[in-house]
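Please work through the exercises below with the sequence and the model open beside you. Try each task on your own before reading its solution.

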Amino acid sequence: MGYRMSLKPPQGPGKLQDSSNGSHFQVKEFILMGLPGIHSWQHWLSLPLALLYLSSIGANLLIFITIWKDPKLHQPMYRFLSILSIVDMGLATTITPKILAIFWFDAKAVSLPECFAQIYAIHCFVGMESGIFLCMAFDRYMAICHPLRYPTIVTDSFVFKATVFMVLRNGLGVIPVPVLAAQRDYCSSNEIEHCLCSNLGVTSLACDDRRPNSICQMILASLIMGVDLTLIILSYVLILWSVLKLNSAEAASKALSTCSSHLILILFFYTVIAVIFVTHLAGRKYPLIPVLFNVLHNIIPPALNPIVYAFRTQDLRLGFQKVIFAEITKQVATR
């Protein structure tokens, strides 16, 4: 349960503690209430959520193993895809187990350090996903617009350097978000109407001014995801311009087909972010909508990414078959 300040403040362990002779009380932990308005039956969502999580981990793990084992897939585009699969598994694991614990075991309490750590991890993994999409867009731009220079520029060394840059950019760049959240004064309610520790959800409980947190999040979103999206759009505008200049319709179709999977995932990823922003403005009237979209945005992409690539990339499907067949053969031989 959460508590609010009163003449006789609560003294239960793990909730609020007296920090200044009974005149001020500090939150010791947050309570994640779950999905607003449907607390009584939200546990029914646990089964599809668990299946989505298991399928996400299994599919992304299969992609990573397939690309690692199949020499034909040792190409920059597939290496970026394998990195994306790692990021997706990290994002899903950061969020889903805690949500399932809330639904199944009513484990709603979360310590302040744990909550701020989740804020950091979510921002880091989402930024990484955006950065990998940018790397994949650049890969397609070089392959289609500058095919002769592609092998000398987009090399294994480039993939490694780009990945290290994205890790450092997001790992260090999002640190101000949880740090500023931790500096707020939480002295009243500790109930968060959410399934996870979102920055805006947590800081909305602060007793002092939370505008620095909101401003910081908007600036970081503009500098990281805004710049990524701008460069991705620029890459595909140049790709489209280059394709339209091709004399052969078949060559143009083949060039665009190599980008289709990437475009589907980018459209879904950034469209949902835009929807979350718009619905957040109406959050006070319909609190379930932004919370639900926020949860789905962090859970569905890790499961959707491998499905889209598996269905639309023949080399990857063949790689799956090789890995699965080799594993079956190995199991039969050991018996």
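The exercises that follow concern a predicted model, and each one is a task with a worked solution.

**Exercise 1. The disulfides**

Task: Find how many disulfides the whole structure holds, and state which cysteines form a disulfide with sulfur atoms 2.0 Å apart and which form one with sulfur atoms 2.1 Å apart.

Solution. Step one is to search the whole structure, and this search finds two disulfides. A pair of cysteine sulfur atoms counts as a disulfide when the two lie within 2.5 Å.

Step two is to name the pairs: Cys115 and Cys197 form a disulfide with their sulfur atoms 2.0 Å apart, and Cys187 and Cys207 form a disulfide with their sulfur atoms 2.1 Å apart.

Step three is to count the bonded cysteines along the chain, which gives the pattern 1-3, 2-4 for the disulfides of the protein chain. Cys145, by contrast, is in no disulfide, and the nearest cysteine sulfur, that of Cys259, is 8.8 Å away. Cys259 is likewise in no disulfide, with the sulfur of Cys145 as its nearest cysteine sulfur.

**Exercise 2. Place, handedness and burial of the bonded cysteines**

Task: For the disulfide of Cys115 and Cys197, work out where in the chain each partner lies, what the handedness of the link is, and whether Cys115 and Cys197 are buried or exposed; then treat Cys187 and Cys207 in the same way.

Solution. Step one takes the pair of Cys115 and Cys197, whose S-S bond has a torsion of about -120 degrees, so this disulfide is left-handed. The pair links distant parts of the chain, since Cys115 is in helix H3 and Cys197 is in the loop between strand S5 (191–192) and helix H7 (199–203), 82 residues apart.

Step two turns to accessibility, where a residue is called buried if its relative accessible area is under 20%. Cys115 has 0% relative accessibility and therefore counts as buried, and Cys197, at 1%, counts as buried because of its value too.

Step three takes the link of Cys187 and Cys207, which has -135 degrees about the S-S bond and is left-handed. Cys187 lies in the loop between helix H6 (176–182) and S5, while Cys207 lies in the loop between H7 and helix H8 (211–244), so the pair ties together parts that are 20 residues apart in sequence. Cys187 is buried, with a relative accessible area of 7%, whereas Cys207 is partly exposed, with a relative accessible area of 39%.

**Exercise 3. The largest nonpolar core**

Task: Determine which residues touch the most other members of the largest nonpolar core, which helix gives the most to this core, and what Val202 touches.

Solution. Step one is to look at the 82 residues of the largest nonpolar core, among which Phe30, Leu81, Met136, Tyr186 and Val202 touch the most other members. Helix H3 (residues 112–145) gives the most to this core, contributing 18 residues.

Step two is to list the contacts of Val202 while leaving out residues up to four places away in sequence; the partners are Phe30, Cys115, Phe116, Ile119, Tyr186, Ile192 and Cys197. Both Cys115 and Cys197 are on this list, and these are the two cysteines that form a disulfide with each other.

**Exercise 4. A buried arginine and a surface patch**

Task: State where Arg140 is placed, whether Arg140 is buried or exposed, and which residues make the nonpolar surface patch of about 550 Å².

Solution. Step one places Arg140 in helix H3, where Arg140 is buried, with a relative accessible area of 12%. Beyond residues up to four places away in sequence, Arg140 touches Met77, Tyr150, Tyr236, Ile239, Thr258 and Cys259. Of these partners, Cys259 counts as buried, because its relative accessibility is 1%.

Step two moves to the surface, where Phe160, Val164, Leu168, Leu172, Ile175 and Val179 make the nonpolar patch. Helix H5 (residues 156–173) supplies the largest share of this patch, four residues. Val179, however, is found in helix H6, and Val179 counts as partly exposed because its relative accessibility is 39%.

Definitions and conventions: Residues numbered from 1 in each chain as written. Predicted model: local features only at pLDDT ≥ 70, side-chain atom pairs only at ≥ 80, totals over all residues. Heavy atoms only, no water. Core = buried A, V, L, I, M, F, W, Y, C linked by side-chain atoms within 4.5 Å. Buried < 20%, exposed > 50% of the residue type's maximum accessible area, 1.4 Å probe, protein only. Helix = DSSP H or I, 4+ residues; strand = E, 2+ residues; numbered from the N terminus. Contact = heavy atoms within 4.5 Å. Patch = residues over 30% accessible without salt bridge, like charges linked within 9 Å, V, L, I, M, F, W, Y side chains within 5 Å. Areas by Shrake-Rupley, 256 points an atom, 1.4 Å probe, with all protein chains shown as cover. Salt bridge = Lys/Arg side-chain N within 4 Å of Asp/Glu carboxyl O.
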